[in-house]
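Reader: I would like a close, careful account of one part of this model, starting at a turn and working outwards to the strands around it. Please explain what surrounds that part, and then add the other local features that deserve a second look.

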Amino acid sequence: LVTLPAAAKPIKQVDAGSGGHIIAMGCNGTVWCWGNNGTKQVGNTNCTGLYATTPYQVMAGQVPSASGFLEGVSYISGGNDENYAILKTGELVAWGQNDVGQLGCGTTSTYETTPRYVCKADGTHLTGVIMVEAGDATGYALVDEDGDGVGTIYSWGADDASQLGRVATAAEPKTYAAPCYKNASDPTSPVKGALLNNIVSLTAGDCMAIVIDEDGYVWSWGHGAWGGMCGNWAWGCDCCYANQVLGGETGDPYLKAKAGSAGQGFGMAITLDGKAVAWGNNGAINLSGGNLGNGNGTSSPT
């Protein structure tokens with residue numbers, strides 16, 4: 001059993017960062033971390049080593065707190081070397097590695113030891129956040145401004161494989177949270193189209209993201225290598241903006257699903273009638289194979 005202090009229990013949520021650390025949230029809204037601390041992802045200045053063998057409570061950082069510790073948290077997500085936490089106010093904070101702006105606070109510092117607010121390009125806090133997901137060095141948030149459970153996707157951080165779902169500009173730099181977009185019309189066209197909205201679900205892999213809209217359609221963007229991990233025949237071609245995932249063996253033109261999950265170079269979803277489907281990497285890189293669960297080691301772009 002993990003040795004957790006009484007103040008942390010009972011635990012409501014736990015997430016494993018892909019880089020070797022764990023983040024946990026108590027039912028009381030406190031946050032605890034342990035494991036790798038090479039980029040201060042444990043979130044506590046008293047943890048000075050390269051790793052923590054027991055949980056440390058995450059400090060408040062920029063968040064007002066009488067106790068000095070992060071409180072009032074409703075949801076957490078661990079990345080490669082960084083963490084995200086949604087506050088009950090709908091604001092979002094992050095801490096850990098920040099060399100490519102993955103904390104969304106407007107800087108590219110090596111790391112931030114304690115939480116900082118994720119902000120929009122105008123410097124105001126990102127608000128209305130109901131879900132957050134971490135890629136390897138990219139953050140994604142589902143923002144619901146009117147409280148109906150449907151919203152837009154914001155992104156920040158690494159964009160070396162088009163995983164932002166937008167093209168960063170001076171007005172919307174990658175170190176700040178800014179909205180994602182979908183292609184204008186043709187799913188193979190790299191032309192920016194409408195805002196990616198009416199989204200109800202979000203998941204992130206190492207260098208791509210998958211979302212589901214309120215009609216059940218699945219959209220993806222990011223790295224196009226390793227067998228077409230975006231699910232739209234973009235084999236070897238990165239997707240700068242969201243494209244609809246094709247239906248493949250479901251027989252439909254485009255995939256419709258009720259849940260999705262993204263891994264290292266591949267995506268999975270549960271169709272509306274309860275079938276599991278997968279696409280992307282199935283053995284295209286070393287020490288990887290059989291990810292798609294379809295009886296072979298051949299990657300699939302749909």
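Author: The turn to start from is the hairpin of β6 and β7, where four residues lie between the strands and Gly90 takes a positive phi near 90°. Strands here are DSSP runs of E with at least two residues, numbered from the N terminus, and two of them pair if DSSP finds at least two bridges between them. This is a predicted model, in which local features need pLDDT of at least 70 and side-chain atom pairs count only at pLDDT 80 or more, while totals for chains, interfaces and linings use all residues. Residue numbers start from 1 along each chain as its sequence is written, and side-chain values use heavy atoms, with hydrogens and water left out.

On one flank of this turn is β6, residues 82–87, and on the other is β7, residues 92–97. The two strands run antiparallel and are joined by five bridges, and within this pairing Tyr84 stands opposite Ala94 in β7. Strand β6 also has a partner in β5, spanning residues 73–78, to which five bridges join it, again in an antiparallel arrangement. Tyr75 stands opposite Ile86 in β6, and the link between β5 and β6 is itself a hairpin, this one passing through three residues. Strand β6 therefore has bridges to β5 as well as to β7.

How many residues of β6 are buried? Six of the six are buried (under 20% relative accessible area with a 1.4 Å probe and protein chains only; over 50% is exposed, and in between is partly exposed), so the strand is largely enclosed by the rest of the structure. In a regular strand the side chains alternate between the two faces of the sheet. Both faces of β6 are covered, with Glu82, Tyr84 and Ile86 buried on one side and Asn83, Ala85 and Leu87 buried on the other.

Among these residues, Asn83, which is found in β6, repays a closer look. Asn83 counts as buried because its relative accessibility is 0%. Its side chain makes a polar contact of 2.7 Å with the side chain of His21; a polar contact is a pair of N or O atoms within 3.5 Å, where within protein one atom must be able to donate a hydrogen and the other to accept it, and residues adjacent in sequence count only if both atoms are side-chain atoms. A polar atom of the Asn83 side chain also lies 2.7 Å from the backbone oxygen of Gln41. Leaving aside neighbours within four places in sequence, Asn83 is in contact (heavy atoms within 4.5 Å) with His21, Ile23, Cys33, Gln41, Ser77, Gly78, Val93, Ala94 and Trp95. Two of these partners have already appeared: Ala94, which stands opposite Tyr84, and Gln41, whose backbone oxygen was described above.

Next to Gln41 in the numbering is Lys40, a residue of the loop between β3 (31–36) and β4 (51–57). Lys40 has a positive phi of about 65° although it is not a glycine, and with a relative accessible area of 18% it is buried. A second residue other than glycine with a positive phi is Asn198, where the value is near 45°. Asn198 sits in the loop between β14 (192–195) and β15 and is likewise buried, at a relative accessible area of 19%. The peptide bond between Lys9 and Pro10 is cis, with omega about -5°, and Pro10 belongs to the segment before β1.

Strand β15 leads to another buried residue, since Leu202 lies in that strand and has a relative accessible area of 5%. The C-alpha atoms of Leu202 and Glu133 are 7.1 Å apart, although 69 residues separate the two along the chain. Not counting residues up to four places away in sequence, Leu202 touches Met131, Glu133, Tyr140, Ala141, Leu142, Ile153, Ile210 and Val211.

Several of those numbers fall in an open sheet of four strands, which has the order β9-β10-β11-β12 with antiparallel pairing. Strands β9 and β12 (178–179) stand at its edges with a single partner strand each, so one side of each is left without a neighbour in the sheet. Between them, β10 (residues 138–143) and β11 (residues 152–157) are joined by six bridges and run antiparallel, and the bridge partner of Thr138 in β11 is Gly157.
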